[in-house]
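This report describes one protein model for a reader who has not seen it before. The text moves from the interior to single strands, helices and loops.

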Amino acid sequence: MRLSDQEIRSGQSGVRLSRVALALVLLLPALAGCSGQETKESAPTAVASASDRCEELTVITTARALRDFDILKGNDTTDNNPITRWARDRLCVVQTNQWLVADQDHALEDRIRTALSNNEPLPDVLFLRSQDLPSILRDLIDADRIQEMGAVFEKYASERIKEAYALNPDVWKSVTLDGSRWGLPQISAANLADPILWIRQDWLDALDLEAPATLDELEKVMDAFTNRDPDGNGVNDTVGIAVAGQNTLNGWMGDVSFMFGAYGDQAHQWNRAADGTLAYGSVQPSVKSALQRLAQWYEAGYLASDFGTHDEQDAAVLMTSGIAGMISGPGWMGGWPLGEADLEGAVFKPYPYPAGEDGRIGRIGTLPSYGSYLFSKDFDHFDKIFAYYDKVYGMLIEDPESDFSIGLAEGYDYIIVDGEPEYDFPGTTSTIGNFFLVAPGSAPSKAIKGGSLERRVYNGKIDSYYEKKMATTASRLFLEGKLAVEQQPNISHPEQFVGPQTPTMALKWRLLNKMEQTTFLQIVYGYAPLDEFDRFVREWHDSGGTQVTVEVNEWDRMSDDKKDDSL
Ligand SMILES: [Ca+2]
């Protein structure tokens, strides 16, 4: 399965994410909405203390996966910080961490499996990211350790939360098994991970070239970037485009999804076929054509000679170190890493994708959900959970009445100067948002009036505190990248299989993936003839792929039935 924006959220490899990248990629804190001057006095500190208000306190346990960039200030701790204090004061909820794990190498998943095998109680609330959920959800259900959420959601969710899910019914698919909903999925920002084409504008200008509108024109630009010394140093030391080939050809930066999209099906994922069924992209004939063209690009020197060993960050480094002239990747790359590149004279510019021969354009899309909350079988304080959820959702839709209308926490993402919040100060961070017990992810785009926040701020609207925060912390290049994504709204093709691993997948998928990755790289490198693709397709089907396809479509029918019932 392809990596998602979640990989960035996980902070893997100790990558340093900039303030802007964090604020926007982490989503939750970034979407600390606020609008209207009338909310100035309603800072969280104004509420009465819990001992005054609460007849009783409800203790809710959770597990926290700590990232190395989760910053706590002063005397704050994982159990006592502005978010936990807010929960206590406003909701009479004491949130405690039954487990603390490092957010790396599936540590939380391992901890859950240990609890399952030792018959140890689970925390009341667990959060699993989209890429971790499929492998463990079925085991938790089979062990009868988590609650079915369909009726619970209907009973406790607020009207505006129900509306958000009605606008995004696909999010339920990630927790749906045999027609039941086994968790509460977050909603992801509709296009956060959707890629665009980043080009070195200064190289285009130096060589007197236009941005490409077709794949043929793209090849001409790549040829010039490779062979015409775009950096003017008299050395043949540049390539056309940075591609990350180590894990998948459609990774979270340095993807070639525009190439697959120009020919038809997205590789490395399940797509909706013309007959309505789900079909695995990598075994479709159009992928063979895309690989053929990639092999031509490789032979011509447009790709780095060792691109198959590059992960996403390696590919980005080709761009930020002045070796590559183009990279495909999400709009937020304008913040990090491109916006932080220390490269004299470099001008990065986001462009829409060029079209294939018949005008076809396509790219990968953003998963409907970042991850899901699962609730222990014995947990019964859903009134508290959904009250909490609704309050956090308020800030996501820029509710002026939200407790977080000016920001998440004073001293973290804002300070007060002369009675007004300031967002640009030394040590500003939005990672405190990771300490919410439950949070809905993002507001559905349709729930926000007046266009995306990025567009409003780009166009100079800085009225609400949230607009002010975005205008203060996001660079122009970041906003341009996000707008370039919006420019091609209908070309995204997200993964269509988001459910729990099927039985045959659990047994065979790792092997099938390996076979696929090896074959694709050998074809592009020119080590294997193009017809090796046909042998791969046969072997893929014979080695479990046919059965996996059957099971994936069984899941698809079940999750669609559920969706229809809810509407
Ligand atoms: Ca050169």
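A242 is in contact with G254, A304, A315, L318, M319, A324 and I327, leaving aside neighbours within four places in sequence; two residues are in contact if their C-beta atoms, placed from the backbone, lie within 7 Å. The model is a predicted one: local features need pLDDT of at least 70 and side-chain atom pairs count only at pLDDT 80 or more, whereas totals for chains, interfaces and linings use all residues. Residues are numbered from 1 along each chain as its sequence is written.

## Cores and burial

A242 belongs to the largest nonpolar core, which has 86 residues, and is among those with the most contacts inside it, together with W198, I241, L291, L294, L303 and I327. Domain 1 (51–190 + 368–449) and domain 2 (195–364 + 493–566) both give residues to this core, so it lies between them. These domain bounds come from an automatic or database domain assignment. Another core, of 53 residues, lies apart from it and includes L108, L133, F375 and F386. A nonpolar core here is a set of buried Ala, Val, Leu, Ile, Met, Phe, Trp, Tyr and Cys residues joined through C-beta atoms within 7 Å. A residue is buried if 20 or more other C-beta atoms lie within 10 Å of its own, exposed if 12 or fewer, and partly exposed in between, with C-beta atoms placed from the backbone. Of the 567 residues of the protein, 49% count as buried. Among contacts between residues at least 6 apart in sequence, 79% join residues at least 24 apart.

## Confidence

The mean pLDDT of the protein is 89, and 89% of its residues reach 70 or more; pLDDT is the predictor's confidence in each residue, from 0 to 100. Over residues 1–47 the pLDDT stays under 50, and the model has 137 contacts beyond four places in sequence for them. The pLDDT is also below 50 over residues 562–567, a stretch with seven contacts in the model beyond near neighbours in sequence.

## Around strand β3

The protein has 19 helices and 16 strands. Helices (H or I, at least four residues) and strands (E, at least two) are DSSP runs, numbered from the N terminus.

Strand β3 (residues 125–129) is mostly covered, with five of its five residues buried. V125, F127 and R129 point one way from β3, while L126 and L128 point the other way. Strand β13 (residues 371–375) runs antiparallel to β3 and is joined to it by five bridges. V125 has F375 as its bridge partner in β13.

Helix α6 (residues 133–142) has L133, P134, I136, L137 and L140 as its buried residues. They pack against α5, β3, β4 (176–177) and β13. Helix α5 covers residues 107–117 and contains A115. A115 counts as buried because 20 other C-beta atoms lie within 10 Å. Not counting residues up to four places away in sequence, A115 touches E120 and L122.

## A sheet of three strands

An open sheet has the strand order β10-β7-β11, with antiparallel pairing; two strands pair if DSSP finds at least two bridges between them. β10 (326–330) and β11 (348–351) stand at the edges with a single partner strand each, so one side of each is left without a neighbour in the sheet. On average, neighbouring strands of this sheet are turned by 35° against each other, direction ignored. Helix α17 (residues 476–487) packs on the sheet and touches β7 and β11, its direction making about 15° with that of β11. Axes are lines fitted to C-alpha atoms, for helices over the stretch in contact, and angles run from 0 to 180 degrees between N-to-C directions. Strand β7 (residues 195–200) is joined to β10 by five bridges, and I196 has G329 as its bridge partner in β10.

## Backbone exceptions

Most residues other than glycine have a negative phi, and most peptide bonds are trans. The peptide bond from W336 to P337 is cis, with omega near 0°, and P337 is found in the loop between β10 and β11. Two residues with positive phi are set out below.

| Residue | Phi | Loop | C-beta neighbours inside 10 Å |
|---|---|---|---|
| C92 | about 55° | between α4 (82–91) and β2 (93–102) | 16, partly exposed |
| D418 | near 55° | between β14 (415–417) and β15 (420–422) | 5, exposed |

D144, just after α6, also takes a positive phi, of about 60°.
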